[in-house]
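Please consider the sequence and the three-dimensional structure shown below, and keep both in view while reading.

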Amino acid sequence: MGEELCDLERELILLMRHHLANARKQNPKLLERSAYLLLSRLQTEGPMSIGQLADALGLDASTVNRQTAAVLQHGLAERIPDPDGGIARKFSVTREGSERVAADREWGRQSMGRAVEDWPEDDVRDLVRLLTRFNVSVEKMDGRPWPREQVSSEASG
């Protein structure tokens, strides 16, 4: 399996390169990657503190502090009192932030759709299943699962 792992590593590197290199060139209005991930996590889990975000994203608090400052400055998130009554203030996505994430997500879907438009539907489903399975395995190793609306037992197994 050594050669297959080399191939897997190379293909994942190329996937990241293609996505990161081309996305903002094709659509300069896209959010920065860090803002997209932070806002997506807040949308999925609801209001979170700096510490909760740092833990969820696997980053140090100072990095998350800079990232939250940027999304606050652009009106994409806001500080709110802890809905659970805690002392720490939490961050929540604003309407503008939700709209920007939705627009980026739709742009990404359309872009990916063009890449696989001539693929059989079963191949696209297989790719999704295998990428989900791979990501769930990586997240288990890291101890930081990304919340998903549903993960099939086949994908997570």
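The following paragraphs move from the overall fold to one helix and its contacts, and then to pairs of charged side chains.

The structure is a predicted model. Its protein chain contains 7 helices and 2 strands. Read from the N terminus on, the order of these elements is α-α-α-α-β-β-α-α-α. The C-alpha trace of the protein chain extends over about 50 × 35 × 25 Å along its principal axes. The protein chain has 157 residues, of which 25% count as buried. Among contacts in the protein chain with a separation of 6 or more, 48% are made by residues 24 or more positions apart.

Helix H2, residues 33–45, is a suitable element to examine in detail. What end-to-end span should be expected for the 13 residues of H2? At 1.5 Å a residue, the helix should span 18 Å, and its end C-alpha atoms are indeed 18 Å apart, so expectation and model agree. After H2 comes Gly46, which has a positive phi, near 90 degrees.

Which residues of H2 are buried? They are Ala35, Leu38, Leu39, Ser40, Arg41 and Leu42. The elements that cover these buried residues include helix H3 (50–57), helix H4, strand S1 (77–80), strand S2 (90–93) and helix H5 (95–115).

One of these neighbours, H4, deserves separate attention. Two packed helices are described by the angle between their axes and the distance between the axes. For H2 and H4 (residues 61–73), the axes come within 10 Å and cross at roughly 90 degrees. Angles from 65 to 115 degrees count as roughly perpendicular, and H2 and H4 are therefore described as roughly perpendicular to each other. On the side of H2, the contact is formed by Ser34, Ala35, Leu38 and Leu39, while H4 contributes Val64, Gln67, Thr68 and Val71. Sorted by class, the residues in this contact of H2 with H4 are 5 nonpolar and 3 polar, with no charged residues. Ala35, Leu38 and Leu39 thus appear both in the contact with H4 and in the list of buried residues of H2.

The charged side chains can be considered next. Side chains of opposite charge can pair when their charged atoms come close. The structure holds 9 salt bridges. One of them joins the side chains of Arg10 and Glu11, with an N to O distance of 3.2 Å. Are these two partners buried or exposed? Glu11 has a relative accessible area of 42% and is partly exposed, and Arg10, at 40% relative accessibility, also counts as partly exposed.

Another salt bridge links Arg109 with Glu106, at 3.8 Å from N to O. Where do these two residues lie? Both are in helix H5, 3 residues apart, which is about one turn of the helix. An α-helix has 3.6 residues a turn, so residues three or four places apart point the same way. Glu106 counts as partly exposed, at 36% relative accessibility.

A further salt bridge is formed by the side chains of Asp142 and Arg144, 3.2 Å from N to O. Asp142 is partly exposed, with a relative accessible area of 44%, and Arg144 counts as partly exposed at 28% relative accessibility. Elsewhere, salt bridges that share partners join Asp7, Arg10 and Glu11 into one network.

Conventions. Residues numbered from 1 in each chain as written. Predicted model: local features only at pLDDT ≥ 70, side-chain atom pairs only at ≥ 80, totals over all residues. Heavy atoms only, no water. Axes fitted to C-alpha atoms, helices over the stretch in contact; angles between N-to-C directions. Helix = DSSP H or I, 4+ residues; strand = E, 2+ residues; numbered from the N terminus. Parallel < 35°, antiparallel > 145°, perpendicular 65-115°, else oblique. Contact = heavy atoms within 4.5 Å. Nonpolar A, V, L, I, M, F, W, Y, C, P; charged D, E, K, R; others polar. Expected span 1.5 Å × (residues − 1). Buried < 20%, exposed > 50% of the residue type's maximum accessible area, 1.4 Å probe, protein only. Salt bridge = Lys/Arg side-chain N within 4 Å of Asp/Glu carboxyl O.
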